[in-house]
Amino acid sequence: MAESSAQNRKKKIDTSSLPQAFEPGKMPPQAIDLEEAVLGALMLEKEAVNDVIDVLSKESFYKEVHQKIYGAILTLFADSKPIDILTVTEQLRTNGELELVGGPYYISQLTNRVASAANIEFHARIISQKHIQRELIRISSDTIKDAYDETTDVFDLLDKAESSLFKVAEGNIRKNYDSMTELIQQAIKQVEDLSHKTDGVSGIPTGFHDLDRVTSGFQPSDMVVLAARPGMGKTAFVLSLARNTAVEFNHPVAVFSLEMSSLQLVNRLIASETELPAEKLKKGQLQDHEWQQLHAKIGKLADAPIFIDDTPALSVFELRAKCRRLKAQHDIQMVIIDYLQLMTAGGEKGNREQEISTISRSVKSIAKELNVPIIALSQLSRAVETRGGDKKPQLSDLRESGAIEQDADMVMFIYRPEYYDIKTDEEGESLEGMGEIIIAKHRNGALENVQLKFIANLAKFTNLETSDEFHFNSGEMPTSDEFGNTTQIRKSRMDDLENDDYSSNESAPF
């Protein structure tokens, strides 16, 4: 009988089938003695709060009593009042929490546990680490519980978990300050390194000479916003830029395409690199010499360090994780996002402007964390279309959120007069095939307009001085002989009378 009773008790406490996070008998990570020491030190030395104010929050403390005491200290600090036993006691009395924390006796006991505020920052960081561990356990437990619930939408669960983890990282991981001595040494070394460069490019080169002259290349940790109306050539520009950076300068580039598939982007790159019209490649209607041209020129592109991710509705949490992985595995030097408004913030859905603000702020923080420039494409509002004159975009045209303009280190617009059927400038010069990069905001440099050439049927931007090598619209078509050498064949003037599907805005493959 006794044996049967023991077996029943054993069955009642058998938890082997429960998830690990729910196992009984485990204490949450905590450091009560350090919490008491830190609170006591804060009431002993008035300057001690400056060492922990950016490390600890109320929630960092495990005991609720300690949370209330630290909350009273924060209130005194915010009001620029002295912090000691008497002021903290009085503040708790004002808050109606003095008896809840154990009265004046408990507060006086805290100061008896320490002699000074020595090592208070180190102790505070341990308390913060315990708090992070508890938060991770809480998030994991909630995720496990929701995952067992068959009625839970799995994508909502992913968003919730991502958002919770992102908040933990944003709220607790802080960078320490750098001294002026260290910063001056780094700055001098950077100047010395740049003195050995002859091209004047200190950042990541784009391959567009005039743009590199103005920007000195895209700088590490910068968020560069490239905005334009649909069909203006945003994707064409960043693909040309990615190709130049990866092929000509061998800098690894990550491209996150939320709108087009990776295969579509590669087809565009192939058309640009081989100088074969995208429409021909799309239909596979290539002549023998064009097949030779394709295979002869595709080699450099095949070996280029370009990494394309076409995950749809990418969240900022996923973006951060993927960028970290690419940085660790391939040492990426630049990130391109096509485009910003298609990303999701994850977690709870606020209004659209708040969501875009969160995305923009997160993209900037990723750029700083990885120390790489991030080129984020963005849409412009329809206000451009209703404006008179040449319809050049302005900063106020950025769509859905002023936070994009605020967070960006550089804002660039793409403007092509042909898009608005503007064929000539004020002096009567032809604007056919002309593209303009308008630098509307440049936190660390000048504001200028950079002229480029746009080749519509290749969906490609080039430098003005090199574009004549394969200018289709002017009547020159590149081809290859049997040895793979490129030659120029001038078309007949009669061909100009025929409709060219590639010269119009409607059919250009942007």
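**Buried polar residues, cores and ring pairs**

D309 counts as buried, because its relative accessibility of 18% falls under the 20% cut-off. The model is predicted. D309 lies in strand β3, which covers residues 306–309. Its side chain makes a polar contact with the side chain of K322, at 3.0 Å. K322 also appears among the contacts of D309 beyond four places in sequence. The others are V255, F256 and S257.

Strand β3 also takes part in covering helix α12. This helix runs over residues 262–274 and has 13 residues. At 1.5 Å a residue, α12 should span 18 Å. Its end C-alpha atoms are 18 Å apart, so the expected span and the model agree. Several residues of α12 are buried: L265, R268, L269, I270, A271, S272, E273 and T274. The cover over these buried residues includes two strands besides β3, namely β2 (253–257) and β9 (460–462). It also includes the helices α11, α13 (278–283) and α14 (288–302). Just after α12 comes E275, which takes a positive phi of about 60°.

Helix α11 recurs in the nonpolar interior. The largest nonpolar core has 81 residues. Within this core, F237, I336 and M412 have the most contacts. Helix α11, residues 234–248, gives the core its largest share, eight residues. Apart from this core lies another, of 31 residues. Its members include V52, L76, I107 and A124.

M412 has a long list of partners outside its sequence neighbourhood of four places. They include F237, itself one of the residues with the most contacts inside the largest core. Also in contact with M412 are L211, F218, V224, V225, L226 and A227. I437, I438 and I439 are in contact with M412 as well.

A polar residue, S240, also lies in helix α11. S240 is buried, because its relative accessible area of 6% is under 20%. A polar atom of its side chain lies 3.2 Å from the backbone nitrogen of F461. Beyond four places in sequence, S240 touches F461 together with F208, A459 and K460.

F461 leads on to the aromatic residues. The structure holds four aromatic pairs. In one of them, F61 and Y70 form a tilted pair. Their ring centres lie 4.9 Å apart, with 45° between the planes. F61 is buried, at a relative accessible area of 1%. Y70 is buried too, at 0%.

F454 and F461 form another pair. The centres of their rings are 4.8 Å apart. Their planes stand at 50°, so this pair is tilted. F454 counts as buried at 3% relative accessibility. F461 counts as buried at 2%. Ring pairs link F454 and F461 with F208 and F237 into a cluster.

Several of these features meet in the ring cluster. F237, a member of the cluster, is in contact with M412. F208 and F461, also in the cluster, are both touched by S240.

Notes
Residues are numbered from 1 along each chain as its sequence is written. This is a predicted model: local features need pLDDT of at least 70, side-chain atom pairs count only at pLDDT 80 or more; totals for chains, interfaces and linings use all residues. Side-chain values use heavy atoms; hydrogens and water are left out. Helices (H or I, at least four residues) and strands (E, at least two) are DSSP runs, numbered from the N terminus. Buried means under 20% relative accessible area, exposed over 50%, partly exposed in between (1.4 Å probe, protein chains only). A polar contact is a pair of N or O atoms within 3.5 Å; within protein, one must be able to donate a hydrogen and the other to accept it, and residues adjacent in sequence count only if both atoms are side-chain atoms. Contact means heavy atoms within 4.5 Å. A nonpolar core is a set of buried Ala, Val, Leu, Ile, Met, Phe, Trp, Tyr and Cys residues joined through side-chain atoms within 4.5 Å. The expected span of a helix is 1.5 Å times one less than its number of residues. Rings of Phe, Tyr and Trp (its six-membered ring) pair if their centres lie within 6.5 Å; planes under 30 degrees apart count as stacked, over 60 as edge-to-face and the rest as tilted.
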